[in-house]
2 protein chains.
Amino acid sequence: MLRLAVLGSGSGTNFQSILDAARAGALDAEPVCVLSDRADAFILERARRAGVPAHAFDAAPYRTKLEGAGEARVLALLKDHGAEAIALAGFMRIVKRGLLEAYRGRIVNIHPSLLPAFPGLEAWRQALDYGAKVAGCTVHFVDEGTDTGPIIAQRAVPILDGDTPDSLHARIQAVEHRLYPQTLQWMARGQLRIEGRRVLGAPETPA
Amino acid sequence: MLRLAVLGSGSGTNFQSILDAARAGALDAEPVCVLSDRADAFILERARRAGVPAHAFDAAPYRTKLEGAGEARVLALLKDHGAEAIALAGFMRIVKRGLLEAYRGRIVNIHPSLLPAFPGLEAWRQALDYGAKVAGCTVHFVDEGTDTGPIIAQRAVPILDGDTPDSLHARIQAVEHRLYPQTLQWMARGQLRIEGRRVLGAPETPA
């Protein structure tokens, strides 16, 4: 069982999908802790209700990145819980060198667009404003950039004429909640390999 | 029947799909001429075999755009044939102001990626090199930019571990050959409307 830490800043719906898959036996991972830079994030409450250790940490003085004392706190918590890999789930900070070097190739993120299109914040809104007709989500390894790491899996969803940012976001999230646990399972099983920028070894016919 | 001109520089497989759809009654358009900046392009031979007027034109001294005397030649040919709209089909030049103003909102292009990802040349190869897992194609109105105009339709295709540039390109082209005639039919029927960057009015459940 892969000892998995989850970092999030929001309501934690992707964490919930990971937890559900793990408890249903569809994901060979154990969520060992949930860490949040926001003490009032509902992801922490979800963890507590499920009996998963939940910790808020102070990331000040930085507002958009995890570095310095905040990063050190996270590294200490990850060590305390014996975390082997990290899933970012709505974590609203850029991960920096300290964490990346401690967990090289073992930090993944899910992003609500078909990267490299629409990196950054509110990607679903960016796609709608651009007039795209296909949106989607991407699970990728985390590197030094913003949403630039090697891509493990992507899934497309349509954009409809009547869509609002909320309706499109909901359609993307429904797909995220299936894709993220699947992708983590491929990682947990050790079946993925990175060749340059390409990640190989995922099943070719996704569920 | 929409009087449609097709501009291409290559083998003309997308022109063939347009011609086939028109002749099968699935597209309310008549291909009135095929114009190419390359006298040896097979798209001209396809047109001749099908009895569609085919013209090569000289676009020198420019290598990558259609402007000046070459543009004037194209405008004259389009007028001679009474063209009402233009479909670019593998046309390897940037369309400039003269043609855009004469056919504003009536020039469309098909591009082998899910724009705004991978504009420019050999988009399928760009997607593969990036490590994307979903590729696709985009039909869009043509504006002053390179692959930046309002998007009418997009379709996704998977990228597989064993893909080469050629295998991925073939998979995308198979989808292009269905999507381009469909999209032109929505334009021929006058059912599309542009609101800002969004193009509305396409059927929500594509065939």
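**Two chains, one shared surface**

Hi everyone. Let's begin where the chains meet: about 2500 Å² is buried between chain A and chain B, and carbon and sulfur atoms give 53% of that area. As a reminder, the size of an interface is often given as the accessible area lost when the parts come together. Please keep in mind that this is a predicted model.

Who takes part? The contact draws 31 residues from chain A and 31 residues from chain B. The count of residue pairs in polar contact between the two chains is 14, while the rule finds 0 salt bridges across this interface.

Looking at chain A's side, the elements that give two or more residues to it are helix H5 (123-130), strand S9 (151-158) and strand S11 (198-200). Which of them gives the most? That would be S9(A), with 6 residues. Sorted by class, the side of chain A that touches chain B has 17 nonpolar, 5 polar and 9 charged residues.

Now, how are the two copies related? Chain A superposes on chain B by a rotation of 180°, with 0.0 Å of shift along the axis and an RMSD of 0.0 Å. That is the relation of a two-fold axis. If you want to find the axis on your screen, look for Ala117(A): in chain A, its C-alpha is the one nearest the axis, 2.5 Å from it. Both copies use the same surface, and 100% of the contact residues of chain A recur in chain B.

Let's zoom in on a single residue, His140(A), which sits in strand S8 (residues 134-141) of chain A. Is His140(A) buried or exposed? His140(A) is buried, because its relative accessible area is 3%, and the cut-off for buried is under 20%. Leaving aside residues up to four places away in sequence, the residues that His140(A) touches include Ile107(A), Val108(A), Asn109(A), His111(A) and Leu115(A). Also among them are Asp147(A), Gly149(A), Pro150(A), Ile151(A) and Ile152(A).

Last stop, chain B, and helix H1 (residues 13-23). Its buried residues are Asn14(B), Phe15(B), Ser17(B), Ile18(B), Leu19(B), Ala21(B) and Ala22(B). In an α-helix there are 3.6 residues a turn, so residues three or four places apart point the same way. What covers the buried residues of H1(B)? The cover includes strands S1 (2-7), S2 (29-36), S5 (85-88) and S7 (107-111), along with helices H2 (42-50) and H6 (165-188), of chain B. After H1(B) comes Gly25(B), with a positive phi near 80°.

Thanks for listening!

Note on methods:
Residues numbered from 1 in each chain as written. Chains lettered and ligands numbered in written order. Predicted model: local features only at pLDDT ≥ 70, side-chain atom pairs only at ≥ 80, totals over all residues. Heavy atoms only, no water. Least-squares fit on C-alpha atoms with pLDDT ≥ 70 in both. Contact = heavy atoms within 4.5 Å. Buried area = accessible area lost by both parts, 1.4 Å probe. Salt bridge = Lys/Arg side-chain N within 4 Å of Asp/Glu carboxyl O. Polar contact = N/O pair within 3.5 Å; in protein donor to acceptor, adjacent residues only side chain to side chain. Helix = DSSP H or I, 4+ residues; strand = E, 2+ residues; numbered from the N terminus. Nonpolar A, V, L, I, M, F, W, Y, C, P; charged D, E, K, R; others polar. Buried < 20%, exposed > 50% of the residue type's maximum accessible area, 1.4 Å probe, protein only.
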